[in-house]
Structure formats: structure tokens, C-alpha cells
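Here is a short note to help you find your way around this structure. Please keep the view open as you read, and take the points in order.

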Amino acid sequence: MHIYRTDVFPMPLPPGHRFPAEKYALLTQAVAGFAAEQLAIAPPASRDELCSAHAPSYVDAVLGGTVPPVVMREIGFPWSPGLVERSCRSVGATVWAALSALESGCGINLAGGTHHASADKGSGFCVFNDVAVAIRTLQCSGRIRRALVVDLDVHQGNGTAAIFAGDPSVFTFSMHGARNFPFRRTAGSLDIDLPDGTGDDEYLAALSANLEPVLTAARADIVFYLAGADPYAGDRLGKLSLTKAGLAARDRQVLQAVRQSQLSLVVTMAGGYAVPVSDTVDIQTTTVRLTLEAFGQALPQ
């Protein structure tokens, strides 16, 4: 099993930018404490791979630095060669985590989950849609026929839903805050809207009621899990009220259900905007540890 890192490819941001870019190096350091041998530097996604889910004109605009300013504003990052490198590596991490999952049962990307990017534009801190590219790459190579996306980031996965709209081979399940970004949504296969302030018990009950039916309906060969840390009560962009223990219970539910279904699993970290950032790192480190334990990895205590 491989765990892909992208923190060695920094993303230049202006001072005071609200995106917590420092999270990735801190998460890698934490994971190295119990899974150093599984860490690997993410290869970049190729242009052909990116074009499997994105319009070639958009891919070329990103690679060449000609994205219209209005689109860059919607993405929320300034364009730079470093942004291009980082974005391609983040997508490549999910592609290779998926290949690892097909071989060993599971693969992990310590970044990824960029679910607001649609075919022809990025949005909401998402340049390319890593999960969509990975699914299309696996389908095009004949490695899988069907996929399931379990998106438990606090924001609805509108870009993923748009890319796979009308495609019965990909089931998109998103459970998210009802009154949160994005405010113009594209319906997925199943969307569960949660009211502001939803806590552990209500959240876990909603997940329990829907997860098994989704796994049955999807008839998938592989599952992509967006394990967002932003449903956490301390997340400044989240509006939900889960505790760290509640998020760990969420992860266990998903991991157990996927294992029981004998499906391959790809885990991406998706969003997390807690202050202090150490809370996000703690939550996502727990996600990685629980994933490794669920898939039979012996970890140091």
C-alpha cells in the first residue's frame, strides 16, 4: 500500500491567504511517524490523463498560464508554475493511489479531493478534479468499469457531479452542509443536505442510513473516499459540529463498509480549515492511521 505526498511541491501564495498550505507538510511529518516506509512522492498527472476528465482547452490554459482572470479568481489561487506543478502532482497522487488500491486493496493521497473543479474550469481552491481524472484514467485503461465516490467533505462535490452527470458507471454520493459553498450546485447521484450545527449523532445516523444502500446501488469496482476534515466543529468554513471522535467514527463506518464489500479503496484528504491548523492535521492523521489499520497494516503504538 502506498501513501502519496505532494508537500515537496510548494504552492506560492500571497501573505495572509486563507488556504492552509502548511497543512500538507505537517500531515506528512505526522504520518511519517508510523508509516514512513509507505510514503512516496506523487508523480505528475500527464496532459492526456488530465484531458480524460477535463476539456483540453482548459488543461492547456492551466499548463500555459492563459487561464482567464475571472476563472483564476473563482479558483482562488494566483497562477504560477508552482501551482501547475502542485496541481498535476496532486492529481497524479490520486491516480497512483488508485493503482495501488487495485493491487493491494487501498491507496492514500495526503492531498486531493479537489471536487469543485468541473470539466472546463476550476473553482473553490480546486484546479483539476483528481478523483474524476483517476476514475476516467482507470476506465480508459480497462482496469475498472464502475466507480463510487463517497464525498464526506463539508462542501457538496459539485464539480465531480457535473463531470459524471448522466454517466451510470459512476455513482456520486455527497453528504454536506446545506447552507454552505457551492451555492449553485449540480446534483449528484445522491446528495444529503445537513443543517448547520449537525453534530456527531445526527451525522453518523445519516451516514449509516445511506452508506449501505449506496454501496449496493453503485455496483462499483473501486471506491474513492473524500475524508474531509471540515465537518469538524472548529473548522472556520464548515458550519457543522462534529467532534474529532465523531469524525473518527465516520471514518470507521466508511472503512468497515468498504472492507465488508471487498472493494478497493482510495482515500483523499479533501478540505480542512481549522484554527489552529494542528486540529486539521490531527483529524487527517487519524484518518490515515485508521485506514492502514482497517487494511491490515501493523502500526507502532
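1. Start with the sheet, bearing in mind that this is a predicted model. The sheet is open and has eight strands, and reading across it gives the order β2-β1-β3-β8-β7-β4-β5-β6, with parallel pairing. At the edges stand β2 (39-41) and β6 (190-194); each has a single partner strand, so one side of each is left without a neighbour in the sheet. From one strand to the next, the twist averages 15 degrees.

2. Now look at the β2 edge. β1 and β2 run parallel and are joined by three bridges. One residue to look for here is Ile-3, whose bridge partner in β2 is Leu-39. Helix α1 lies across both β1 and β2, and it runs at about 135 degrees to β2.

3. Next, please find strand β4, residues 147-151. How much of β4 is covered? The strand is mostly covered, as five of its five residues are buried. Ala-147, Val-149 and Asp-151 point one way, while Leu-148 and Val-150 point the other way, and all of them are buried.

4. The neighbours of β4 are worth a look too. With strand β5 (residues 170-177), β4 pairs in the parallel sense over five bridges. With strand β7 (residues 222-226), β4 is also joined by five bridges, and these two strands run parallel. Leu-148 is a handy marker for both pairings: it stands opposite Phe-171 in β5, and its bridge partner in β7 is Val-223.

5. Two helices help to place these strands. Helix α7 (residues 158-163) belongs with β4 and β5 in a right-handed β-α-β unit. Helix α9 (residues 244-260) lies across β7 and β8 (264-268), and its direction is at about 175 degrees to β7.

6. Turning to the aromatic rings, a search of the whole structure finds seven aromatic pairs. One of them is Phe-19 with Phe-77, an edge-to-face pair with 5.1 Å from centre to centre and 80 degrees between the planes. Which parts of the chain does the pair link? Phe-19 is in the loop between β1 (3-5) and α1 (23-35), and Phe-77 is in the loop between α4 (69-75) and α5 (81-104), so these are distant parts of the chain, 58 residues apart. Phe-19 counts as buried because its relative accessibility is 10%, and Phe-77 is buried with a relative accessible area of 5%.

7. Another pair to find is Tyr-58 with Phe-128. Why is this pair called edge-to-face? The ring centres of Tyr-58 and Phe-128 are 5.9 Å apart and their planes are at 75 degrees, so the pair is edge-to-face. Tyr-58 lies in helix α3 (residues 56-64) and Phe-128 in the loop between β3 (106-109) and α6 (130-140), so the pair ties together parts that are 70 residues apart in sequence. Both rings belong to buried residues: Tyr-58 has a relative accessible area of 5%, and Phe-128 has one of 2%.

8. Finally, a few more ring sites. Phe-19 and Phe-77 come back as members of one aromatic cluster, together with Tyr-24, Phe-125 and Tyr-273. Two arginines also meet rings: Arg-259 lies over the face of Phe-295, 4.6 Å from the ring centre, and the charged end of Arg-289 sits over the ring of Phe-34, 4.2 Å from its centre.

Conventions:
Residues are numbered from 1 along each chain as its sequence is written. This is a predicted model: local features need pLDDT of at least 70, side-chain atom pairs count only at pLDDT 80 or more; totals for chains, interfaces and linings use all residues. Side-chain values use heavy atoms; hydrogens and water are left out. Buried means under 20% relative accessible area, exposed over 50%, partly exposed in between (1.4 Å probe, protein chains only). Helices (H or I, at least four residues) and strands (E, at least two) are DSSP runs, numbered from the N terminus. Two strands pair if DSSP finds at least two bridges between them. A crossover is right-handed if, with the strands pointing away from the viewer, the path from the first strand over the helix to the second runs clockwise. Rings of Phe, Tyr and Trp (its six-membered ring) pair if their centres lie within 6.5 Å; planes under 30 degrees apart count as stacked, over 60 as edge-to-face and the rest as tilted. A charge sits over a ring if NZ of Lys or CZ of Arg is within 6 Å of the ring centre and within 35 degrees of the ring normal. Axes are lines fitted to C-alpha atoms, for helices over the stretch in contact, and angles run from 0 to 180 degrees between N-to-C directions. Contact means heavy atoms within 4.5 Å.
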